[in-house]
Amino acid sequence: MDICKGVVSLATASGAICLLYKAIRAGIKCQPPLCSALPICLAPECPRLAIEREQHGQDSGELRRLLNSLECKQDEYAKSMILYSITCCVYLLESEASACTNDDITLVGSMLDDKDKSVKIQALNTLKAFSGIRKFRLKIQEHCIKVLELISTIWDSELHIAGLRLLNNLPLPDFAHPQLRRVMPALMEILKSDYILAQVQAARLLSNLVQKNDLLYDILNCQVHSNFLNLFQSTQPGSLLLEVLVFAERLTEGRSSPHYRAVKWHYNEQSVHEALFGDDSRLADRLLALLIHPEEDVQIQACKVIVSLQCPQDVGVRPSCPPSHSGFNNAE
């Protein structure tokens, strides 16, 4: 009986070794097709190997292979993985990324129309990576309208962060201004959401848009919730406070400019303007509380807002600063 068991075990082991040998041999001989289900290399060590090749002046071809794979029919998971790998390669392989073309940007941008949300998010991240290369910015700007549409129609914090990061890394073209006016309420909703990273990116974008003369009134007149000033509470994270304070400072500078003051504007009762600068605004209380915030950057920015409220930009051409309606009086 022991001899029989030993023979059976030996035969089983021999069979397994034989099968393993055949599998390895077949794997070595097999060459993947041009359009395989996934690129040849998506393993974590592949970017490292590609970087080593680039450091030695060799083109690894990895980024080109990934882009070629993206052109083929893939399922949603495969597309997400490919886009993620392309993003990594763009950041890590500078020369290969610079050698890409506008057609590659168009290919990545077409992924924004994919039905799968994760594919959209990865495509936004990839475009953000490419936006760091100057020659692609004009081409990426062509997708601004679509990006604005996505962040205003899909309520997802990860998508909001990816889309807003991309927009904040681009000079927004004038042709996007009409769409920006339409999505302004959505941007305010994101600013008041509970996702800090999305709020920070939304505040940063709004701060940039305030500097566009034709968008300033749309921002000031945008309707907000009654608790809008909670954004300035000292309990908020320092990163968010810093951004909303910059936003408030730029709003103050914009509304105090001669260009803006030349027109008599009318605002909704629940507008940003009334929340920050209206007769019943409690912005002054929030700002004074921030003067003792533990983070020095927040203290300094709060001081800047107070100064801008009291003395607008064109104070040099006027004998005195006009009265403010944000809760500060001249004595304060």
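What follows is a look at one helix, one buried glutamate and a handful of aromatic contacts in a predicted model.

Helix H10 covers residues 157–168, so to speak a textbook stretch on paper: its 12 residues reach 16 Å from the first C-alpha to the last, close to the 16 Å expected at 1.5 Å a residue. Most of H10 is tucked away, with 9 of its 12 residues buried. The buried set is Leu159, His160, Ile161, Ala162, Gly163, Leu164, Leu166, Leu167 and Asn168. As for what does the covering, the list includes helices H7 (117–130), H8 (137–141), H9 (144–153), H11 (177–191) and H12 (196–210). At the N-terminal end of H10, aspartate 156 acts as the cap, placing a side-chain oxygen 3.1 Å from the backbone nitrogen of glutamate 158.

Then there is glutamate 243, which belongs to helix H14 (residues 238–255). Its relative accessible area comes out at 14%, and since anything under 20% counts as buried, glutamate 243 is buried. Setting aside neighbours within four places in sequence, the contacts of glutamate 243 are Val200, Ala203, Arg204 and Ser207.

On to the rings. Searching the whole structure turns up 4 aromatic pairs. In one of them, phenylalanine 130 and phenylalanine 136 have ring centres 5.5 Å apart and planes at 85°, so this pair is edge-to-face. Both partners are out of sight: phenylalanine 130 is buried at 0% relative accessible area, and phenylalanine 136 is buried too, at 1%.

Tyrosine 217 and tryptophan 265 make a stacked pair instead, at 4.7 Å centre to centre and with 25° between the planes. Tyrosine 217 sits in helix H13 (residues 213–220), while tryptophan 265 sits in the loop between helix H15 (258–261) and helix H16 (272–277), so the pair ties together parts that are 48 residues apart in sequence. Here the rings belong to partly exposed residues, with a relative accessible area of 23% for tyrosine 217 and 30% for tryptophan 265. Nor does the story stop with these two: ring pairs link Tyr217, Tyr260, Trp265 and Tyr267 into a cluster.

One further ring has a charge for company. The charged end of arginine 255 sits over the ring of phenylalanine 277, at 4.3 Å from the ring centre.

Notes: Residues are numbered from 1 along each chain as its sequence is written. This is a predicted model: local features need pLDDT of at least 70, side-chain atom pairs count only at pLDDT 80 or more; totals for chains, interfaces and linings use all residues. Side-chain values use heavy atoms; hydrogens and water are left out. Helices (H or I, at least four residues) and strands (E, at least two) are DSSP runs, numbered from the N terminus. The expected span of a helix is 1.5 Å times one less than its number of residues. Buried means under 20% relative accessible area, exposed over 50%, partly exposed in between (1.4 Å probe, protein chains only). Contact means heavy atoms within 4.5 Å. A polar contact is a pair of N or O atoms within 3.5 Å; within protein, one must be able to donate a hydrogen and the other to accept it, and residues adjacent in sequence count only if both atoms are side-chain atoms. Rings of Phe, Tyr and Trp (its six-membered ring) pair if their centres lie within 6.5 Å; planes under 30 degrees apart count as stacked, over 60 as edge-to-face and the rest as tilted. A charge sits over a ring if NZ of Lys or CZ of Arg is within 6 Å of the ring centre and within 35 degrees of the ring normal.
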